[in-house]
Amino acid sequence: ELGKRAPRWIRDNEVTMCMKCKEPFNALTRRRHHCRACGHVVCWKCSDYKAHLEYDGNKLNKVCKDCYHVIIGCTDSEEKKRKGILEIESAEVSGNSVICSFLQYMEKSKPWQKAWCVIPKHEALVLYMYGAPQDVKALATIPLLGYTVDDAPKSADLPHSFKLTQSKSVHSFAADNEELKQKWLKVIHLAVKGETPECQNE
């Protein structure tokens, strides 16, 4: 259907990086552009292609590299390189996850930051962290097996927070409310013991 019907545009605020080359967006050099064929948010370098789109009366439109190759019928073998562990798309794993939501995250003495956290069904013992729900590359992954869970926040922590600890590595998380925190803890308590948790997504 590529080019035959107008795509659903992914909103600018749903991504923090180009959905093709994975470069982070910033105010100066990385402005957001939309591919007119697939609706993905891409940087200027990745939107530097043009193709005739049927839904727009066969006019030339800005498209991303992937759509360009599909529409003009040429394949790019390099694109078929196997995805690295961090390069699994957030939307791909969120749609098939045990649990996913925004959580506040803190590592060592860095400030708290908001992260889109996902535990996928196919890897129910790994926590993936993304900058936003539509990002195409995870910022980090935490293999949960063997971690200790501390769910009693200290007064200095955010409310509804919990910690994952393993030797010198400490990851702090905070949910928006107690109900969400308990859902995450239910899944994580099983995962740290190597048990596959039940799906918590409504």
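Me: Which label fits aspartate 66 at 29% relative accessibility: buried, partly exposed or exposed?
Reply: This is a predicted model, in which local features need pLDDT of at least 70 and side-chain atom pairs count only at pLDDT 80 or more, while totals for chains, interfaces and linings use all residues. Residues are numbered from 1 along each chain as its sequence is written, and side-chain values use heavy atoms, leaving out hydrogens and water. Buried means under 20% relative accessible area, exposed means over 50%, and partly exposed lies in between (1.4 Å probe, protein chains only). With its 29%, aspartate 66 therefore counts as partly exposed.

Me: With which residue does aspartate 66 form a salt bridge?
Reply: A salt bridge needs a side-chain nitrogen of Lys or Arg within 4 Å of a carboxyl oxygen of Asp or Glu. Here the closest N and O atoms are 3.3 Å apart, and the partner of aspartate 66 is lysine 20.

Me: How many residues apart in sequence are the parts that this pair ties together?
Reply: Helices (H or I, at least four residues) and strands (E, at least two) are DSSP runs, numbered from the N terminus. Aspartate 66 lies in helix H1 (residues 65–72), and lysine 20 in the segment before strand E1 (33–34), so the separation is 46 residues.

Me: Glutamate 14 also forms a salt bridge, with arginine 11, but is glutamate 14 buried or exposed?
Reply: The closest N and O atoms of this pair are 3.5 Å apart. Arginine 11 has 51% relative accessibility and counts as exposed. Glutamate 14 has 15%, so its label is buried.

Me: What is the span of helix H3 (residues 178–191), from its first C-alpha to its last?
Reply: An expected span is 1.5 Å times one less than the number of residues. For the 14 residues of H3 that gives 20 Å, and the helix comes close to this, reaching 20 Å.

Me: Which element gives the most residues to the largest nonpolar core?
Reply: A nonpolar core is a set of buried Ala, Val, Leu, Ile, Met, Phe, Trp, Tyr and Cys residues joined through side-chain atoms within 4.5 Å. This one has 25 residues, and Trp184 and Ile188 are among those that touch the most other members. E5, E6, E7, E10 and H3 each supply at least two residues. With six residues, the top contributor is H3.

Me: Which phenylalanine is in contact with tryptophan 184?
Reply: Contact means heavy atoms within 4.5 Å. Leaving aside neighbours within four places in sequence, tryptophan 184 has contacts that include Ile99, Cys117, Leu127 and Phe162.
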